[in-house]
Amino acid sequence: MANRPFDVLNEAIGKEVLVILKGEISVRGTLKAFDVHMNILLENAEELRNGELKTKFGKLMIRGDNILFVSP
Amino acid sequence: MANRPFDVLNEAIGKEVLVILKGEISVRGTLKAFDVHMNILLENAEELRNGELKTKFGKLMIRGDNILFVSP
Amino acid sequence: MANRPFDVLNEAIGKEVLVILKGEISVRGTLKAFDVHMNILLENAEELRNGELKTKFGKLMIRGDNILFVSP
Amino acid sequence: MANRPFDVLNEAIGKEVLVILKGEISVRGTLKAFDVHMNILLENAEELRNGELKTKFGKLMIRGDNILFVSP
Amino acid sequence: MANRPFDVLNEAIGKEVLVILKGEISVRGTLKAFDVHMNILLENAEELRNGELKTKFGKLMIRGDNILFVSP
Amino acid sequence: MANRPFDVLNEAIGKEVLVILKGEISVRGTLKAFDVHMNILLENAEELRNGELKTKFGKLMIRGDNILFVSP
Amino acid sequence: MANRPFDVLNEAIGKEVLVILKGEISVRGTLKAFDVHMNILLENAEELRNGELKTKFGKLMIRGDNILFVSP
């Protein structure tokens with residue numbers, strides 16, 4: 001069982017995660033890295049606005065203070 | 001009697017909690033972990049918007065600065 | 001006479017307080033705990049929106065950065 | 001002459017002050033205490049919205065980050 | 001020549017300054033004190049909203065995080 | 001593989017990056033420098049609003065707290 | 001080549017810079033000083049709203065947290 005919320009990110013390195021941001025933006029991709037500010041680096045990322053694919057990115061860094069939820 | 005507000009989270013580990021966010025979003029699930037920033041990890045989480053079920057998540061990390069209330 | 005604003009919270013432990021949040025939300029309940037971030041734990045809390053009872057909670061933790069006023 | 005802005009609060013302890021908040025809310029009352037975060041404790045406080053009396057409080061703690069102006 | 005932005009405030013002590021806030025609020029008055037958070041104490045202050053005189057204050061403390069510009 | 005999100009910026013020095021800001025603003029240019037606050041210096045930068053070129057800058061410093069995404 | 005974003009400000013001391021703020025406000029003037037919070041002191045500053053000259057200032061201190069871009 002995870003003891004700290006960030007442990008779930010550590011276990012998800014190399015796997016697909018869904019990052020839901022403030023506003024109706026979400027991003028799905030492979031988790032490559034994160035830091036204590038919840039800044040997140042994804043590979044093969046897809047940005048969704050209102051559930052529709054908007055843009056694909058080979059690599060995408062997300063600034064942590066925009067984040068609402070992260071789901072592995 | 002709890003002496004610090006976070007004690008109520010500590011006592012709720014493994015139990016169901018309701019997390020009410022800024023805006024009309026709330027999340028219900030089993031509390032697995034939390035940290036000093038009020039980042040929270042839930043299992044079997046249900047996201048509710050205006051009281052209606054929107055999405056189910058096996059695991060969901062909530063960034064603490066979005067939180068309004070937590071109720072065990 | 002209180003010398004620091006938080007002294008008034010310390011004196012109100014175990015008593016009813018009214019917490020008024022940013023936006024038209026307020027919460028009334030018995031003050032059980034607080035911390036330096038103004039996070040507050042209430043028991044037998046009633047959430048009011050525009051002055052009308054919305055929800056009752058056995059225990060409710062309020063994240064401090066939402067708070068406008070606290071009145072003992 | 002005051003050398004730091006907070007000196008004006010120190011001199012106003014026990015006297016009436018007007019606290020103007022972000023938004024059209026202001027509060028008038030007797031200054032009992034303040035801290036470095038500009039959290040303020042008033043006695044016999046009157047909350048004004050758009051200049052009209054809304055509520056009276058025996059004691060009222062104001063969270064500092066809501067404050068726009070304080071006038072002794 | 002000033003080497004740090006705050007030097008311009010230091011040189012303006014005892015003189016009139018214009019403080020322009022976020023939103024359409026500005027305040028003109030004699031600078032009495034300031035601190036590292038840009039909290040500012042004015043004397044004989046005039047609050048202007050959309051360029052029109054709204055209120056006069058003998059002493060007015062401005063919380064720094066509301067400030068957009070200060071001009072000596 | 002990058003171990004920290006900022007590593008992707010380090011690898012992108014001297015190359016073109018896309019910086020997407022909160023709101024519908026984005027900037028494309030050659031990454032010259034960045035710091036721990038995610039402040040970013042671009043050369044030959046093009047500011048896009050709603051996808052259309054608005055302004056070109058020889059050098060442009062972006063304050064980090066405006067950033068949503070950075071993509072190399 | 002600059003190694004830190006702030007180096008571009010250091011090189012611009014005594015020269016004209018354009019400061020673009022959050023919202024449709026920008027300021028053009030001679031850079032006299034800056035600090036680690038990105039607070040900026042300009043001389044002979046012109047404030048532009050929606051691209052039109054609004055006000056001229058002999059000296060103008062800009063609080064750093066309002067800043068979106070700085071271009072030398």
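Colleague: How many residue pairs are in polar contact across the interface of chain D and chain C?

Modeller: The rule finds eight residue pairs in polar contact there, both residues being at pLDDT 80 or more. A polar contact is a pair of N or O atoms within 3.5 Å; within protein, one must be able to donate a hydrogen and the other to accept it, and residues adjacent in sequence count only if both atoms are side-chain atoms. Please note that this is a predicted model, in which local features need pLDDT of at least 70, side-chain atom pairs count only at pLDDT 80 or more, and totals for chains, interfaces and linings use all residues. Residues are numbered from 1 along each chain as its sequence is written, chains are lettered from A in the order in which they are written, and side-chain values use heavy atoms, with hydrogens and water left out.

Colleague: Which element gives the most to the side of chain D that touches chain C?

Modeller: That is E4(D), with six residues. Strands (E, at least two residues) are DSSP runs, numbered from the N terminus.

Colleague: And what is the make-up of that side by class?

Modeller: The side of chain D that touches chain C has eleven nonpolar, two polar and eight charged residues. Here Ala, Val, Leu, Ile, Met, Phe, Trp, Tyr, Cys and Pro count as nonpolar, Asp, Glu, Lys and Arg as charged, and the others, Gly among them, as polar.

Colleague: How many salt bridges are there between chain D and chain C?

Modeller: The count is three, a salt bridge being a side-chain nitrogen of Lys or Arg within 4 Å of a carboxyl oxygen of Asp or Glu. One of them joins Glu24(C) to Arg49(D), whose closest N and O atoms are 3.1 Å apart.

Colleague: What area is buried between chain D and chain C?

Modeller: About 1,800 Å², with carbon and sulfur atoms giving 64%. Buried area is the accessible area (1.4 Å probe) that two parts lose on being put together, summed over both. Of the area that chain D buries against chain C, 39% is supplied by Lys59(D), Met61(D) and Arg63(D), more than any other three residues.

Colleague: Which residue is the bridge partner of Val70(C) in E4(D)?

Modeller: The partner is Met61(D). Strand E5 (residues 67–71) of chain C and E4(D) run antiparallel and are joined by two bridges; strands pair if DSSP finds at least two bridges between them.

Colleague: Turning to chain B, how many of its residues are in contact with chain A?

Modeller: There, 21 residues of chain B are in contact with 23 residues of chain A, where contact means heavy atoms within 4.5 Å. Chain B and chain D, however, do not touch.

Technical notes. Helices (H or I, at least four residues) and strands (E, at least two) are DSSP runs, numbered from the N terminus.
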